[in-house]
Amino acid sequence: MKKQLTKKANNASEKIEKLKAIKEEIINLKNSPLYDFRQKEGNLPVIGEGSHSASVMFIGEAPGANEAKQGRPFCGTAGKILDELLITAGFKREEVYVTNIVKDRPPGNRDPELAEIELYAPFLMRQINTIKPDFIITLGRFSGEYIMAQFNLKQAFTTIGKVHGTVFEGMAEYGKVKIIPMYHPASALYDRTNKEKLVKDFKKLKAYLQHK
């Protein structure tokens, strides 16, 4: 028992060090096309937050204005919707890990560009392989397309409207992982039907976790 506790403590310490290294690299990512905008606006990079041993990781696209000012993912209006959805699935925010592909806010809250995704995505993959979640929930089209491609499921991702709520299985460095694409919570602000779809998908997630 003592050896097991020591191993867990060592694993936790190793995760902290790896995630700390990722954070420092992103903070000092001066070759990012978004770095100067971050400095000019007085923004913060948004690395991610939550449990380092989370079984479920949520991955959005890029931080918005509120997120960039606070340095926290999903802390604005879309974040409130995500919090409601987490309750639907039986989670507390601190029990999961929440992050984005792109770690700095694009100007004008525009969609992330391909070059930005390619620059920041390796940090995300390192986060995934450090935390080792059993489930990855992608939030939005950009997140879904990228993650599905990384896990050799590119052909399976047609449109978010067709694949949302579907459970796919991929292979990570640490073993099998379930991937579930979903709509971005922000989409619920503009289309009520998307909110209804998100609620249904989160209920599916809850049922799947209960019977896995």
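**Notes on the pockets, the sheet and the helix packing**

1. Helix 3 contributes the most to the lining of the largest pocket, giving 3 residues. Before going further, a quick reminder that this is a predicted model.

2. How much space lies in the largest pocket? About 480 Å³. Its lining is made up of 21 residues, and those closest to the centre of the pocket are Ala62, Gly64, Asn109, His184 and Ala186. Two elements give two or more residues to this lining: helix 3, which covers 65-70, and helix 4, which covers 77-88.

3. If you are thinking about the chemistry of that lining, the residues of the largest pocket split into 10 nonpolar, 7 polar and 4 charged.

4. The second largest pocket is worth a look too, with a volume of about 240 Å³. Here 14 residues form the lining, and Leu19, Lys23, Ile47, Gly48 and Tyr97 are the ones nearest the centre. Helix 1 (2-27) and strand 1 (49-50) are the elements that give two or more residues to the lining of this second largest pocket.

5. Which element gives the most to the lining of the second largest pocket? That is helix 1, with 4 residues. By class, the lining of the second largest pocket has 6 nonpolar, 5 polar and 3 charged residues.

6. Now to the sheet. It is an open one of 6 strands, running in the order 1-3-2-4-6-5 with mixed pairing. Strand 1 and strand 5 (168-172) are the edge strands, each pairing on one side only. Strand 1 thus turns up in two places in this note, as an edge of the sheet and as a contributor to the lining of the second largest pocket.

7. Within the sheet, strand 2 (residues 56-60) pairs with strand 4 (residues 135-139) in the parallel sense, over 4 bridges. In this pair, Val56 is found opposite Phe135 of strand 4. Helix 6, residues 141-150, packs on the sheet and touches strand 2, strand 4, strand 5 and strand 6 (175-182). The direction of helix 6 makes about 140° with that of strand 4.

8. Helix 6 also has a helical partner. Helix 5 (residues 114-131) packs against helix 6 at an angle of about 65°, and their axes are 12 Å apart. The two helices cross in a right-handed way. On the helix 5 side, the residues that meet helix 6 are Ile117, Ala121, Leu124, Met125 and Ile128, while helix 6 brings Phe142, Tyr146, Ile147 and Gln150. Sorted by class, this contact holds 8 nonpolar residues, 1 polar residue and no charged ones.

9. A second helix pair to inspect is helix 4 with helix 8 (residues 192-211), packed at an angle of about 40° with axes 8 Å apart. This crossing, too, is right-handed. Helix 4 supplies Ile81, Leu82, Glu84, Leu85, Leu86 and Thr88 to the contact, and helix 8 supplies Lys195, Leu198, Val199, Phe202, Lys203 and Lys206.

10. What classes of residue make up the contact of helix 4 with helix 8? There are 7 nonpolar, 1 polar and 4 charged residues. When you open the model, you may like to view helix 4 from both sides, as it packs with helix 8 and gives two or more residues to the lining of the largest pocket.

Definitions and conventions: Residues are numbered from 1 along each chain as its sequence is written. This is a predicted model: local features need pLDDT of at least 70, side-chain atom pairs count only at pLDDT 80 or more; totals for chains, interfaces and linings use all residues. Side-chain values use heavy atoms; hydrogens and water are left out. On a 1 Å grid over the protein atoms alone, a cavity is a set of points where a 1.4 Å probe fits but cannot get out, and a pocket is an open set with protein on both sides within 12 Å along at least five of seven lines; lining residues have an atom within 4 Å of a point. Grid points are joined across faces, edges and corners, and a volume is the space filled by probe spheres set on the points. Ala, Val, Leu, Ile, Met, Phe, Trp, Tyr, Cys and Pro count as nonpolar, Asp, Glu, Lys and Arg as charged, and the others, Gly among them, as polar. Two strands pair if DSSP finds at least two bridges between them. Contact means heavy atoms within 4.5 Å. Axes are lines fitted to C-alpha atoms, for helices over the stretch in contact, and angles run from 0 to 180 degrees between N-to-C directions. A crossing is left-handed if the near helix is turned anticlockwise from the far one by less than a right angle, and right-handed if clockwise.
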